[in-house]
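Here's a quick tour of a protein and its ligand, written for someone who'd rather be at the bench. Have the structure open as you read.

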Amino acid sequence: MEIGLIGLGKMGLNLAQNMQDHDLTVKAFDLMPEARTRAAEVGVTTADTLAALIDSLQTPRLIWVMVPAGKPTKATLQSLRELASAGDRIIDGGNSYYQDSLAEAKAFDAKQMHFFDVGSSGGMSGARANGNFMIGGDKAVFATIEPLFEAIAQPGGYLYTGPAGSGHYLKMVHNGIEYGMMAAIGEGFDVLANSPFDYDNEAVAAMWDHGSVIRGWLMELAADAFSKDPKLEQLKGVMHSSGEGAWTVEEGIRQHTPTPVITAALMARYNSERTDTMTGKVVAALRNEFGGHPIDKN
Ligand SMILES: NC(=O)c1ccc[n+]([C@@H]2O[C@H](COP(=O)([O-])OP(=O)(O)OC[C@H]3O[C@@H](n4cnc5c(N)ncnc54)[C@H](O)[C@@H]3O)[C@@H](O)[C@H]2O)c1
Ligand SMILES: O=C(O)[C@H](O)[C@@H](O)[C@H](O)[C@H](O)COP(=O)(O)O
């Protein structure tokens, strides 16, 4: 099986190596020459332009797009509609918004091309080996690309989820859950840090990862992070987000499905990006106005 891979960043390059480990033929392209050079250094065949990549692939082509979600993905998918042919199969493996994927599926359908929205999980190590994939698209055509997922996923770690849109929808909800789980772990360690006891964070996380109810990969990763920086003193507690948590909350609001934990986790992320808040100033001012309570001044 031959795959044309577009995007050789943190995920794409690992995916390319994962595919090659399973005797799949990878031909790849990235806008950045440095990314192409890095890929060539680990034995990935690269093309200098998107058009050259498309020309080099056997038809019906199988093309995996792994570039940043949003504008870069939209632009790449638009180019593929111009450069690829009827019958080609196009995978968007990035974290795209499912509504965008529904629109992309329609646009590819109009060109008799097959679009798959694939939520990819497991971070960079999952891309490199034993990944996790949530796959939306045409079921009959999926059968033609299933061997790819059998090869690169953890056994049991891929699922055909239904028509186009359903893969990225499921990944959106997965990431909403991820927000809540990580926030709870973070809060727990915050309480420990402010406790009267001197806990060893790495030892606690490693112990919790062995048999406790809250064991799991996030706990393992917490132990790894604490092993490098026992109190995470080198980090600022700023938590960025790239959209999936917000989309999950918006979806909950649209459905009238309460998502208080995920919403609180999302708001905590937004709050962490601000050094001082108008909310805090207003509440401080009001407490001072009605009760004479002390205020901290700039
Ligand atoms: N990093 C993760 O843990 C992770 C996990 C799952 C899914 N994702 C998703 O995978 C996608 C890629 O993420 P990443 O972490 O590899 O990003 P990245 O920024 O590390 O890499 C993106 C690569 O795409 C290239 N690129 C950008 N625009 C391009 C274009 N128009 N044509 C060709 N190449 C282009 C960039 O030069 C870069 O090398 C994103 O949609 C992301 O949301 C990331
Ligand atoms: O399942 C995964 O492998 C991760 O969820 C992955 O997709 C990525 O690390 C998120 O995009 C981060 O999302 P935020 O930037 O929203 O935290």
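What follows covers the model as a whole, then the ligand, then one loop residue.

## How sure is the predictor?

Keep in mind that this is a predicted model. The confidence scores run like this: the protein chain has a mean pLDDT of 98, and 100% of its residues reach 70 or more. For the complex, the predictor reports an ipTM of 0.98 along with a pTM of 0.97.

## The overall build

The protein chain has 298 residues, and 40% of them count as buried. Its secondary structure comes to 13 helices and eight strands. If you drew a box around the C-alpha atoms along the principal axes, you'd need roughly 75 × 40 × 35 Å.

On the outside, the chain exposes about 16,400 Å², with carbon and sulfur atoms supplying 57% of that area. As for how the chain contacts itself, take the pairs of residues at least 6 apart in sequence: 65% of those contacts join residues at least 24 apart.

## Around ligand 1

Which residues come nearest to ligand 1? Out of the 20 residues around it, they are Lys10, Met11, Asp30, Met32 and Val67. Sorted by class, the shell is made up of eleven nonpolar, seven polar and two charged residues.

Two of those nearest residues also turn up in polar contacts through their backbones. A polar backbone atom of Met11 sits 2.8 Å from an oxygen atom of ligand 1, and a backbone N or O atom of Val67 is 3.1 Å from an oxygen atom of the ligand. Thr76 brings in its side chain instead: one of its polar side-chain atoms lies 3.3 Å from a nitrogen atom of ligand 1. On its own, ligand 1 has 830 Å² of accessible area, and the protein covers 77% of that. Two elements each give two or more residues to the shell, namely α1 (10–21) and α4 (71–83).

## A closer look at Thr277

Now for a spot in a loop. Thr277 lies between α12 (260–272) and α13 (278–291). Its side chain reaches the backbone nitrogen of Gly280, at 2.9 Å.

Is Thr277 buried or exposed? Thr277 counts as buried because its relative accessible area is 15%, and the cut-off for buried is under 20%.

Methods. Residues are numbered from 1 along each chain as its sequence is written. Chains are lettered from A and ligands numbered from 1 in the order in which they are written. This is a predicted model: local features need pLDDT of at least 70, side-chain atom pairs count only at pLDDT 80 or more; totals for chains, interfaces and linings use all residues. Side-chain values use heavy atoms; hydrogens and water are left out. A residue is near a molecule or strand if one of its heavy atoms lies within 4 Å of it. A polar contact is a pair of N or O atoms within 3.5 Å; within protein, one must be able to donate a hydrogen and the other to accept it, and residues adjacent in sequence count only if both atoms are side-chain atoms. Accessible areas come from the Shrake-Rupley method with a 1.4 Å probe; for residues, only the protein chains shown count as cover. Helices (H or I, at least four residues) and strands (E, at least two) are DSSP runs, numbered from the N terminus. Ala, Val, Leu, Ile, Met, Phe, Trp, Tyr, Cys and Pro count as nonpolar, Asp, Glu, Lys and Arg as charged, and the others, Gly among them, as polar. pLDDT is the predictor's confidence in each residue, from 0 to 100. Buried means under 20% relative accessible area, exposed over 50%, partly exposed in between (1.4 Å probe, protein chains only). Contact means heavy atoms within 4.5 Å.
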